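Visitor: I have the sequence and the model open. Can you walk me through the structure, one question at a time?

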Amino acid sequence: MNPLRRQWFRLAGLGALAPFGLWAHRASAQNHEGHTATAVSAAPSSPSSSGGYRPVRTLNGWTLPHRMVDGVKEFHLVAEEIEHEFAPGCRAKCWGYNGTTPGPTIEAVEGDRVRIYVTNHLPEHTSVHWHGILLPSGMDGVGGLSQPHIQPGETYVYEFTLRQHGTHMYHPHADEMVQMAVGMMGMFIIHPRDGEPERIDRDYVVLLHNWALHPGTYRPDPSVMQDFDLWTMNSKVFPAIEPLVARSGERVRVRIGNLSMWNHPMHMHGVQFHVTGSDGGRWPKGLWRPETTEIVGVGQTRDLEFVAVPGDWAFHCHMSHHTMNAMGHEIPNTLGVDQSGVEAEIRKLLPGYMAMGQGGMAEHQEHTDSGHMTGPENTLPMMMGKGPFGNLEMGGMFTVIKVRDDVATGDFRDPGWYPNPKGTVAHRVSADADFGAPVRRGPPPGAPAEFKAKPVDHSRMKHG
Ligand SMILES: [Cu+2]
């Protein structure tokens with residue numbers, strides 16, 4: 001047996017860990033918060049060997065190390081309050097496991113016997129439900145139904161044999177509304193015992209969530225049901241979400257779980273992926289279907305697989321408010337409203353008020369980036385992120401799949417922006433608004449003569 005497997009690695013605070021193996025050897029690249037990696041997990045064996053697997057990569061996250069005890073894989077989760085950063089400039093007191101939200105990914109192989117200790121450092125009781133995993137009723141983790149609650153300071157142990165493979169999750173089944181709203185959740189990946197039907201070169205893990213972290217506050221509000229402030233992949237918002245890196249031609253799997261309060265139509269640019277599995281396990285090949293958008297419902301998981309094509313490709317939820325950061329929802333619609341004159345009046349009541357939105361909201365990022373529109377403390381601008389051609393005007397559940405011809409196997413570092421081959425970028429051919437002779441339809445009968453839209457006053461973009 002590999003000596004690494006015999007070691008029991010202590011987790012220290014917010015230490016970020018990574019699987020230590022041939023295909024995920026860049027442990028330091030998993031360390032995103034500047035904390036020192038204090039441990040490595042047992043090295044998985046080669047995928048070609050029996051029972052081996054290619055470890056997953058949890059974007060911005062980590063995999064929980066285990067130790068082998070008499071043939072049983074032992075894990076230890078600690079439920080605790082943590083300090084979490086959604087993106088620089090926005091932190092909160094959250095609850096999670098072993099120092100992070102989401103908790104570390106648990107990774108094992110079909111047929112494994114697993115023993116999972118759960119220590120409760122929270123101020124109230126908890127439990128852990130192994131979402132989608134087939135096990136004895138008493139191991140199902142529903143507080144009050146299948147077990148007594150785990151009281152503060154107590155440690156419980158769960159033990160079962162994995163009789164399936166696929167993409168699964170874990171979360172409390174005790175005061176669920178609160179405990180999940182403040183970040184308690186993680187992914188549980190079970191690799192097939194007999195290998196994959198198609199070789200997987202990169203295996204990413206993304207857990208979707210939403211947060212009511214009201215601007216100026218430091219605790220997520222569990223009472224909110226729909227109007228959330230932050231939409232996250234692995235508890236991060238764009239642009240703090242890592243890119244998914246791959247080499248051209250590699251087969252990439254993205255395993256997506258959703259423990260938020262909304263369904264998320266996850267859209268991938270550049271390819272038609274196949275949906276190859278769910279929390280019901282890997283689907284038989286005959287059930288795989290090509291899509292470019294797949295709804296990951298609340299409480300569901302989906303596996304998406306594709307062959308990587310060179311470029312920088314957006315990957316995001318298609319609910320457009322889910323690719324925004326904190327914003328007000330109960331505001332008047334200013335689209336098309338001339339607010340000149342009004343701004344000065346309102347400023348007498350609300351110093352710093354900025355009229356916006358007459359020609360759309362894109363100017364929002366200009367205002368925040370230039371620093372003259374300052375929001376409340378501890379929140380993020382609605383729109384963020386810069387690309388090689390300008391502002392991305394995004395936030396929330398958005399990241400980029402970065403595929404290059406020259407990425408080394410197992411290299412997950414951000415390769416920078418895509419160098420587009422000459423002649424393959426959309427470009428300006430005219431700055432004359434009357435360019436060309438496009439076919440257009442006129443205003444509807446009876447429309448006022450002045451119906452023709454007035455040009456937007458772009459001088460407002462240079463405001464301040
Ligand atoms: Cu969404």
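Visitor: Which residues point one way from E10, and which the other way?

Guide: This is a predicted model. In a regular strand, side chains alternate between the two faces of the sheet. E10 splits into two sets, and all are buried. On one side are Gly186, Phe188 and Ile190; on the other are Met187, Ile189 and His191.

Visitor: How many of the six residues of E10 are buried?

Guide: Buried here means 20 or more other C-beta atoms within 10 Å. E10 is largely enclosed by the rest of the structure, because the buried residues number six of the six.

Visitor: In what order do the strands of the open sheet with E10 run?

Guide: That sheet has four strands and mixed pairing. Its edge strands are E5 and E7 (129–131), each pairing on one side only. Neighbouring strands are turned by 25° against each other on average, direction ignored. The order is E5-E10-E9-E7.

Visitor: Over how many bridges do E5 and E10 pair, and in what sense?

Guide: One point of alignment is Ala108, which stands opposite Ile190 in E10. The pairing of E5 with E10 runs over four bridges, and its sense is parallel.

Visitor: How many bridges join E9 to E10?

Guide: E9 covers residues 166–171 and E10 covers residues 186–191. Gly166 has Ile190 as its bridge partner in E10. Met169 is partnered by Met187. The two strands run antiparallel, and the bridges joining them number five.

Visitor: Which residues have the most contacts inside the largest nonpolar core?

Guide: That core has 82 residues. Phe188, one of the buried residues of E10, is on the list. The residues with the most contacts inside the core are Phe188, Val206, Leu230 and Val237.

Visitor: Which residues does Leu230 touch, leaving out those up to four places away in sequence?

Guide: Contact here means C-beta atoms within 7 Å. Val237, also among the residues with the most contacts in the core, is one of the partners. The full set for Leu230 is Phe86, Asn210, Trp211, Leu213, Val237, Asn325, Ala326 and Gly396.

Visitor: What is the order of the five strands in the other open sheet?

Guide: The pairing in this sheet is mixed. E13 and E19 (293–296) are its edge strands, and each pairs on one side only. From one strand to the next, the twist averages 20°. The order is E13-E24-E21-E15-E19.

Visitor: Which residue in E21 stands opposite His267?

Guide: E15 (residues 264–268) and E21 (residues 311–317) run antiparallel. Three bridges join them. Opposite His267 stands His316.

Visitor: How far apart in space are Tyr204 and Arg57, C-alpha to C-alpha?

Guide: Tyr204 lies in strand E11 (residues 202–211). It counts as buried because 23 C-beta neighbours lie inside 10 Å. Beyond four places in sequence, Tyr204 touches residues including Val56, Arg57 and Leu59. Tyr204 and Arg57 are 147 residues apart in sequence, yet their distance in space is 4.8 Å.

Visitor: Is Met180 buried or partly exposed?

Guide: Met180 lies in helix H2 (residues 176–181). Beyond four places in sequence, Met180 touches His171, Pro172, Met185 and Leu259. A buried residue needs 20 or more other C-beta atoms within 10 Å. Met180 has 19, so it is partly exposed.

Visitor: Where is Pro102?

Guide: The peptide bond from Thr101 to Pro102 is cis, with omega near -10°. Pro102 falls between strands E4 (90–97) and E5 (106–109), in the loop.

Visitor: What is omega for the peptide bond from Phe238 to Pro239?

Guide: Pro239 sits in the loop between strand E12 (230–233) and strand E13 (244–247). The bond from Phe238 to Pro239 is cis, with omega near 10°.

Visitor: What is phi of Asn60?

Guide: Asn60 is in the loop between strand E1 (57–58) and strand E2 (67–69). Asn60 is buried, because 21 other C-beta atoms lie within 10 Å. Asn60 is not a glycine, but its phi is positive, near 60°.

Visitor: Which strand holds Glu393?

Guide: Glu393 is not a glycine, but has a positive phi of about 55°. With 21 other C-beta atoms within 10 Å, Glu393 is buried. Its strand, residues 390–394, is E23.

Note on methods
Residues numbered from 1 in each chain as written. Predicted model: local features only at pLDDT ≥ 70, side-chain atom pairs only at ≥ 80, totals over all residues. Buried ≥ 20, exposed ≤ 12 C-beta atoms within 10 Å, placed from the backbone. Contact = placed C-beta atoms within 7 Å. Pairing = 2+ DSSP bridges. Axes fitted to C-alpha atoms, helices over the stretch in contact; angles between N-to-C directions. Core = buried A, V, L, I, M, F, W, Y, C linked by C-beta atoms within 7 Å.
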